[in-house]
Amino acid sequence: MNDLSGNPQVHYQPKLLETEPYLSREYLKLERDRLWRRVWLQAARLEEIPNVGDFVTYEILDDSVIIVRSGTDQVRAFHNVCVHRGRRLIDIPPGARNATGNRNRFICGYHGWNFGLDGAASNIACRQDWQGKLTPENTALGQVRVDCWGGWIWINLDPNCEPLRDYLEPAASVLDHFELQNLRYKWRRWGVFDCNWKVAIEAFIETYHVPATHPEYMKFGVYQGWGRQEGLHSSLGYDAKGENKGRLRLGSGKDARKATAEMVAYTMEHVNSNFSQSLLDAAMRLEDELPETATEEEVLKHWLSSARQADAAQGVVWPTVAPELVARSGVAWNIFPNFRLGHAVNNGLCYQARPYGDDPDKCIFEVSVFELYPEGAAPKTEWVHTPLGDPGWGSVLSQDFSNMAAVQQGMKSTGFAGPRPNPKEEGAVVALHETLATYMGLGRPQTI
Ligand code: FES
Ligand SMILES: [Fe+2]
């Protein structure tokens with residue numbers, strides 16, 4: 001693992017980005033081949049396919065992939081296309097994010113070719129008509145590279161791609177300590193938004209927008225932070241020094257107990273994420289359990305250990321992560337290109353954005369929220385389609401969403417020279433475009 005020193009703050013040189021990656025149809029066409037068909041993509045959670053034969057599909061532009069539990073401890077991925085004449089093997093229900101189900105074999109609806117969970121074809125009607133030219137190799141479903149990390153299933157459409165673990169570093173080695181594989185969905189929502197996928201994901205990989213977009217948070221604390229490149233990926237966090245403070249914003253003000261309780265209660269009510277029920281309950285107890293004179297540091301320590309104990313009592317054991325690793329890890333990572341992973345010891349908040357059709361002005365955007373649950377107590381969830389403006393998103397995310405279409409439209413103005421991200425707080429935005437330029441072979445950010 002690289003540098004574990006404290007609270008990283010990398011100051012990039014000021015850069016100017018191009019608007020083409022956000023706006024151009026030609027760029028999006030190239031993106032399909034140079035980016036989406038070459039990167040590891042987070043496609044599902046392992047717990048979504050617990051039983052042999054359970055499958056989910058993942059849709060990315062022209063490609064659809066079937067991810068199936070083919071054995072108790074085995075997951076396979078196949079191109080969702082029948083090798084006979086190209087019919088999509090599994091239909092995606094109209095308006096759905098993806099298909100799900102359970103099969104012991106996949107049967108094509110057109111001429112009835114069968115494929116086992118290992119992808120091998122059988123029951124090919126009139127097989128002899130091919131005069132012996134159909135072989136196991138040329139009739140099997142096309143394999144897609146698949147691997148697991150952090151409880152997520154990742155796919156890569158490039159048969160010659162590097163191993164997932166190598167791709168994910170240094171994120172994997174830092175985030176392994178958070179035991180993300182034990183998290184379970186609390187809720188998950190998705191929608192189609194009127195902006196490029198980069199506009200959507202970039203709204204969640206910087207701290208610079210907090211004062212103007214979420215003004216009500218300013219009474220809880222200072223939200224200035226940093227973002228920096230981490231291999232292909234990037235990380236971001238808050239400036240505050242001290243154990244845990246780099247990633248958990250503690251309410252500010254004279255009485256840290258009250259401010260913390262208010263901040264946690266507000267966030268849970270309006271976002272329903274970032275904390276857990278145990279952290280909320282523990283925050284509500286702070287006033288009873290600590291004197292008014294308690295310092296911020298004392299309040300933070302007590303709050304976390306009291307929630308940790310309450311969870312342990314019901315069999316939910318948080319991983320113990322060394323303070324320097326907590327500081328090193330920041331609050332979130334953007335796993336290149338499109339998976340923003342907000343990690344914590346007992347919860348998680350993740351975003352993913354990807355193109356929608358061949359329209360650079362649209363994207364599929366999704367939010368998944370996780371918690372650690374006692375054995376068997378995780379709620380049953382599914383992807384809930386939630387249009388913009390639906391109260392189901394809550395008020396805080398809606399504030400973030402309110403900028404997206406306006407940015408997409410604004411960038412089209414002849415009077416706009418290109419985004420100029422804050423070199424420190426929006427360092428992860430710059431990092432995204434640096435890696436993007438490497439994959440795309442164009443659009444390198446220019447030093448101002
Ligand atoms: S296209 Fe699938 S069996 Fe013919
Ligand atoms: Fe925000």
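Modeller: Domain bounds here come from an automatic or database domain assignment. On that basis the protein chain splits into domain 1 (1-36 + 182-448) and domain 2 (41-160). This is a predicted model: local features need pLDDT of at least 70, side-chain atom pairs count only at pLDDT 80 or more, and totals for chains, interfaces and linings use all residues. Residues are numbered from 1 along each chain as its sequence is written, while chains are lettered from A and ligands numbered from 1 in the order in which they are written.

Colleague: What makes residues of domain 1 and domain 2 count as in contact?

Modeller: Two residues are in contact if their C-beta atoms, placed from the backbone, lie within 7 Å. By that test, 13 residues of domain 1 touch eight residues of domain 2. Helix H2 (25-36), strand S12 (184-193) and strand S17 (347-356) each give two or more residues to the domain 1 side. Helices (H or I, at least four residues) and strands (E, at least two) are DSSP runs, numbered from the N terminus. The centres of the two domains, taken over C-alpha atoms, are 33 Å apart.

Colleague: How do you know that the span of helix H8 agrees with its number of residues?

Modeller: The expected span is 1.5 Å times one less than the number of residues. H8 (residues 256-270) has 15 residues, so 21 Å is expected, and its end C-alpha atoms are 21 Å apart.

Colleague: Which residues of H8 are called buried, and against what do they pack?

Modeller: A residue is buried if 20 or more other C-beta atoms lie within 10 Å of its own, exposed if 12 or fewer, and partly exposed in between; C-beta atoms are placed from the backbone. In H8 the buried residues include Ala256, Ala259, Met263 and Thr267. The buried residues of H8 pack against helix H9 (277-289) and helix H10 (296-313).

Colleague: Why is Asn272 called partly exposed, and Gln131 exposed?

Modeller: Asn272 has 17 other C-beta atoms within 10 Å, so it is partly exposed. Gln131 has 7, so it is exposed. Asn272 sits in the loop between H8 and H9, with a positive phi of about 55° although it is not a glycine. Gln131 also has a positive phi of about 55°; its loop runs between strand S9 (121-122) and helix H3 (136-139). Most residues other than glycine have a negative phi, and most peptide bonds are trans.

Colleague: Where are the cis peptide bonds from Glu169 and Phe336?

Modeller: One runs from Glu169 to Pro170, with omega near 0°. Pro170 is in the loop between helix H4 (164-168) and helix H5 (171-175). Another runs from Phe336 to Pro337, again with omega near 0°. Pro337 is in the loop between S15 and S16.

Colleague: How do you know that S15 and S16 pair?

Modeller: Two strands pair if DSSP finds at least two bridges between them. S15 and strand S16 (residues 339-342) have four, in the antiparallel sense. Asn334 has Arg340 in S16 as its bridge partner. The two strands form a hairpin with three residues between them.

Colleague: What makes strand S13 (225-230) and strand S19 (384-385) edge strands?

Modeller: The open sheet has eight strands in the order S13-S14-S15-S16-S17-S18-S12-S19, with mixed pairing. S13 and S19 each have a single partner strand, so one side of each is left without a neighbour in the sheet. S13 pairs with S14 in the antiparallel sense over six bridges.
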